[in-house]
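Ready for some practice with a protein model? Take a look at the picture first, then work through the exercises one step at a time.

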Amino acid sequence: MSATIPVLILAIPLFMFIFLGLAGKKMSHLLAGILGTLGMGTVLVLAYYTAFHYFFSGDPAFISEAGERLQYIVFNQTWLQFTDRLVISLGFFLDPISAMMLVVITTISFMVHLYSLGYMRDHHGVFEKGFQRFYAFLSLFSFSMLGLVVATNIFQMYIFWELVGASSYLLIGFYYTKNSAVSASKKAFIVTRFADLGFLIGILVLSFYTGTFDFTSLTSVPVEGMANVYHVDLSTPNAVLGVFQSSAAPMFMGASVLTWALVLIFMGGMGKSAMMPLHIWLPDAMEGPTPVSALIHAATMVVAGVYLVARLFPLYLMEETSLVIVTVVGAITAFYAAMVACAQIDIKRVLAFSTISQIAFMMVSLGVARPEFHEGLGYMASMFHLFTHAMFKALLFLGAGALIHAIGSNDYTAMHGLRKYMPVTHWTFLIGCLAIAGIIPFSGFFSKDEILSACGNYSPLVYVWMSMVAGLTAFYMFRLYYLIFWWKEHKIPEGHHAPHDQAWTMSLPLIILALISCVAGFIPFGKFVSWNGEPYDFMAHFDWGVASISLLVAVLAIILATVMYRKENSLPEKFKNALPALWDWCHHRFYWDELYMFITHKIIFNGICRPLAWFDRHIIDGTMDSFAILTNKASELIRPLQSGQVQMYVWIYIIGALLLGGVTVLCLI
Amino acid sequence: MEIKAIYYLIPSLIMFCCGLYGFLTRRNMIAMLISLELMLNAVDMNFVIFNRFLFPEQLEGMMFTLFAIAIAAAETAVAIAIIINVYRSVNQVDVRTLNQMKF
């Protein structure tokens, strides 16, 4: 495969960013939007071509004779050379998950580009201020995200990881005159940066002991009992085997160095993927424009953490502890976020917590994946869910965007009864809800069912726990659905239009994504993605028992939601009054933000930073100041010597000369 | 009667002290310049005297004096030019009041 197309996939968005960023002001709003969309459309075609070529061409570079999918490096350019082996390269890496991500990112990104043409203007069709800047940032984000998934080594991934963080920051703070948006962007940046500190340390530890950044070398780690994990070029210096034996051996505080490195790297993933306790930035990130939430904070960037763990999965397999940590963090987060999502009023916040919960599903799925269960079903399930979730969650967010655009408020209390006014939005949103709730035959059913099967294989506790979360998912999504589209509609004030479906640029992406959500479940995903590249037919492992239980749970939850929320009634109110504490805790997100505020403001700022600032201002600055003051005083003292009286100088000179002469004479005698 | 070096040196010393006294006490810059010339001439005389009495077969002292006279002439020209310019700008040449260049 030639390098032209992969280079173009990265170069076009980058060019669009620079071009729209520099020349955007000079062109009309619409032209900038169309150029950005066309650029992304081109990338979409190229990425589809690349992915299809990878999966279907049967090229021996991509697939072995036994039918295993291989890792393939399209190009790899040395960028920094530390030692003979420790090299940072920039390249383009193709394997099943990166090809899958190429498809996901370009699809969603293109939909969002198209959608924003309609969304980023007001009801009279006037474009918002900074429209060109918006498209420039979208292109920057697409570039960084594509660079992240095709990284050939962990350091390249880190570079693009930071770039997506930066573009997320820019887009959350897009309405930079709005205080809440500015503080949300700062929060997102600082929290993820804090997590990335762990990521960086993890990378350094890992590379220090293994001496390599390359994914190919890192993931070719031989696991006992597994014949050929990834087929790699073993010409890499000093066969990696020895490297891993040495890196797993040194112990530090009761765990091997490799475990520490993996946990630290996972910390970076926790920050990006909003796992507890680093989840607090994601709900606030909803301050950004809704298409941005759909693209970055639902479908692509936030799954980077899952992608990272999946990328290094063979390493995680070596250290059981790290996978257990992934599972536990994921399970707790999934339940927490689902609880909170049940008690939010802002529809985007509900979707945000639902995103957190679903990403946690993927994490759990990775955490419970073991090669001995169904050829690592969890890994495939996680990637499958990533794929389907990206589609239906983007659909839900874009639907929410259409609602917000029509109503002008984020709260469901301002909506109600919209199914008559906005049929397209209603039906697509319903499909999204059914998909996420896991109703057959929508895509979420298949992926979630696979995750639950993987959990069931691993431990009954995890299975029950995650099934409960799946039930909650169905409940809160249908609660949201009924509150938006059912109930009695509000009176339309005099002189206002009734809310209506939006322009085709906004409806078309909804319809396309809804169609994908209907059929994506039937993709034989196991044929394409599996943890070691060997294709398998997951329908062979399809457990109808698990499937019917999860279906039953989802249906029961939906029925419960229907009873409680289909019409305005007193049930929710009664429920709320019966358990006021539960409602309060869920509504206030279990007071995590307040806890963070307490820790940062009360303890860190007041307790540590203030004394340090005092020390700096008074002790350190004071020492320097006193030197200056002393010098100043001394010069004030001797200044009058320069009196400007020439004859005074002569006197002083003569006296000095005489004194010197006298001393010399005295010395000579 | 033999003429000793001291007979020349004492007038030279008196000239020098007069010049020094004038330089320290006169307020007028031109008078100070004259005093300065006086000191310079005293020093020139010393050169000639010592040359004559210590190394009569050599001429360095004489030559040095000639140089010093030439340089003194040039220096006087510069000094006078400065004094004239000062006078033009502030209308007086009293050194005690010309102290703007302090600090």
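**Exercise 1.** Find how many residues each chain gives to the contact.

Solution. Two residues are in contact if their C-beta atoms, placed from the backbone, lie within 7 Å. On that rule, nine residues come from chain B and nine residues from chain A. Now sort the chain B side that touches chain A: five nonpolar, two polar and two charged. Here Ala, Val, Leu, Ile, Met, Phe, Trp, Tyr, Cys and Pro count as nonpolar, Asp, Glu, Lys and Arg as charged, and the others, Gly among them, as polar.

A word on the setup: this is a predicted model, where local features need pLDDT of at least 70 and side-chain atom pairs need 80 or more, while totals for chains, interfaces and linings use all residues. Residues are numbered from 1 along each chain as its sequence is written, and chains are lettered from A and ligands numbered from 1 in the order written.

**Exercise 2.** Check the span of helix α4 (residues 131-149) of chain A.

Solution. Helices are DSSP runs (H or I, at least four residues), numbered from the N terminus. The expected span is 1.5 Å times one less than the number of residues. For the 19 residues of α4 that gives 27 Å, and the end C-alpha atoms are 27 Å apart, so the two agree.

**Exercise 3.** Is A:Ala274 buried or exposed?

Solution. Buried means 20 or more other C-beta atoms within 10 Å of a residue's own, exposed 12 or fewer, and partly exposed in between, with C-beta atoms placed from the backbone. A:Ala274 has 29, so it is buried.

How values were computed. Helix = DSSP H or I, 4+ residues; strand = E, 2+ residues; numbered from the N terminus.
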